[in-house]
Amino acid sequence: MNKIGICGAGLIGASWAIGFANSGFKCFVYDESEDSFTKFKDLAIKLIQDLRIINPETDEEKINSNIKLNCTIEETCNNSILVQESVLEDLELKKSVFAQLDKLTPENTIIASSSSYLLISRISELVKHKHRCINAHPALPPHIVPFVEVSGGVNTDPKIIKQAISIYKKAKYAAITVNKEAEGFVLNRLQGALLNEAVRLHEGGFASMEDIDIALKHALGLRWAFMGPFEIMDLNAPEGIKDSFTRYRKGIQNLAKEQNSVPEYSDEYLNKLEMDQRNRLSYDQRDKRVEKRNKMIALIRKLKFELGEDI
Ligand SMILES: NC(=O)c1ccc[n+]([C@@H]2O[C@H](COP(=O)([O-])OP(=O)(O)OC[C@H]3O[C@@H](n4cnc5c(N)ncnc54)[C@H](O)[C@@H]3O)[C@@H](O)[C@H]2O)c1
């Protein structure tokens, strides 16, 4: 009852495997590329170090013994309670992988997609047993960011969503339910709103990339690590959330009117972003920055745990 299949062992699949294995699940990992397993082994060492920051008693041997790499797709599917599909973000590929997983898994296995934007109603179009298909979208990187949002499609059985939430909670993820199927779910709708506005501000010449990043990391982000927008608004005015929205409603509504254009994301603009960002961080320094990012996230998790704010 604790076997998880991981289909696709890239950035997200590898991180899922470490997260599930750390919570005592047995992970059977399949990827069509041999190369991904070589990368997996090097990556796992670093990911386990991140977990050690949160909990110094993290047992590396236990994690490794809970993960079986280089599985065939049949081994990954056989008797798994849940298969976490984490292949590339491509609708046609995911549709064919889901059809395959549907044929190879027992009928009570949950089939979950890590997709960031694609809807499960589309991904499961070729599947016979659609009632057990869900989106289960994690946040990067899922070995240390304890979040997953679960969403069903038009044919998903609501009982399957409940079962999936209970599995993710057992694996120590804060699992939320997305009640209506919507592109981008909750996480990427929030993130997308912010990214679009960052680009509007930058492209419109209101502020530099550096200054927009500063506004996030030295202001909003400090609160967002432990409070959501509704909790923040509740503390923003003496009488609470209603007082807060009443005071600022006109201003917030005026912004909404200005914030509804769709940025073009032209190749020319993206080339400029790439060039400017490489001047801030050279390409070969990015891996070190990823390591630092993971270390910072783990340290924030540790602090949240000590202050009673972790999941
Ligand atoms: N990267 C992120 O920030 C992030 C966050 C949340 C969710 N996701 C989602 O996770 C999924 C995977 O993204 P990623 O960043 O890990 O990509 P990735 O490119 O790092 O990994 C994809 C893996 O899928 C494998 N693959 C491709 N076709 C396959 C097949 N037919 N069978 C088995 N394996 C196959 C590839 O060999 C590769 O190892 C995507 O749907 C993405 O939207 C990504």
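Angles between helices and strands run from 0 to 180 degrees between N-to-C directions, with axes fitted as lines to C-alpha atoms. This convention applies to the helix stops of the tour below, which is made through a predicted model.

**Whole chain.** Begin with the entire protein displayed as a cartoon. Its secondary structure comes to 13 helices and eight strands. The radius of gyration is 21 Å, close to the 19 Å that the globule rule gives for 311 residues, so the protein is as compact as a globular protein of that length. The C-alpha trace spans about 55 × 45 × 40 Å along its principal axes. Buried residues make up 30% of the 311 residues.

**The sheet.** Select the eight strands next. They form an open sheet of mixed pairing, in the order β3-β2-β1-β4-β5-β6-β7-β8. At its edges are β3 (67–68) and β8 (174–178), each of which pairs on one side only.

**Strand β6.** Now restrict the selection to residues 133–138, which make up β6. Six of its six residues are buried. Cys133, Asn135 and His137 are on one side, Ile134, Ala136 and Pro138 are on the other, and both faces are covered.

Add residues 110–113 to show β5, which runs parallel to β6 and is joined to it by three bridges. Within this pair, Ser113 has Asn135 as its bridge partner. Then add β7, residues 147–152, which pairs with β6 in the antiparallel sense over five bridges. Here Ala136 stands opposite Val150.

Continuing outward, β7 and β8 pair in the parallel sense, again over five bridges. Val148 of this pair stands opposite Ala175 in β8.

**Helices across the sheet.** Select residues 11–22 to bring up α1. This helix lies across β1 (3–7), β2 (26–30), β3, β4 (82–85) and β6, and runs at about 165° to β2. Then select residues 91–104, which form α5. Helix α5 lies across β1, β4, β5 and β6, at about 165° to β4.

**The ligand.** Finally, centre the view on the ligand and display the 23 residues around it, of which Gly8, Gly10, Ile12, Ser116 and Leu140 come nearest. The elements that give two or more residues to this shell are α1, α5 and β6. Which element gives the most to the shell? That element is α1, with three residues. Colouring the shell by class shows ten nonpolar, ten polar and three charged residues.

Note on methods
Residues numbered from 1 in each chain as written. Predicted model: local features only at pLDDT ≥ 70, side-chain atom pairs only at ≥ 80, totals over all residues. Near = placed C-beta within 6 Å. Helix = DSSP H or I, 4+ residues; strand = E, 2+ residues; numbered from the N terminus. Nonpolar A, V, L, I, M, F, W, Y, C, P; charged D, E, K, R; others polar. Rg over C-alpha atoms; globule rule 2.2 N^0.38 Å. Buried ≥ 20, exposed ≤ 12 C-beta atoms within 10 Å, placed from the backbone. Pairing = 2+ DSSP bridges. Contact = placed C-beta atoms within 7 Å.
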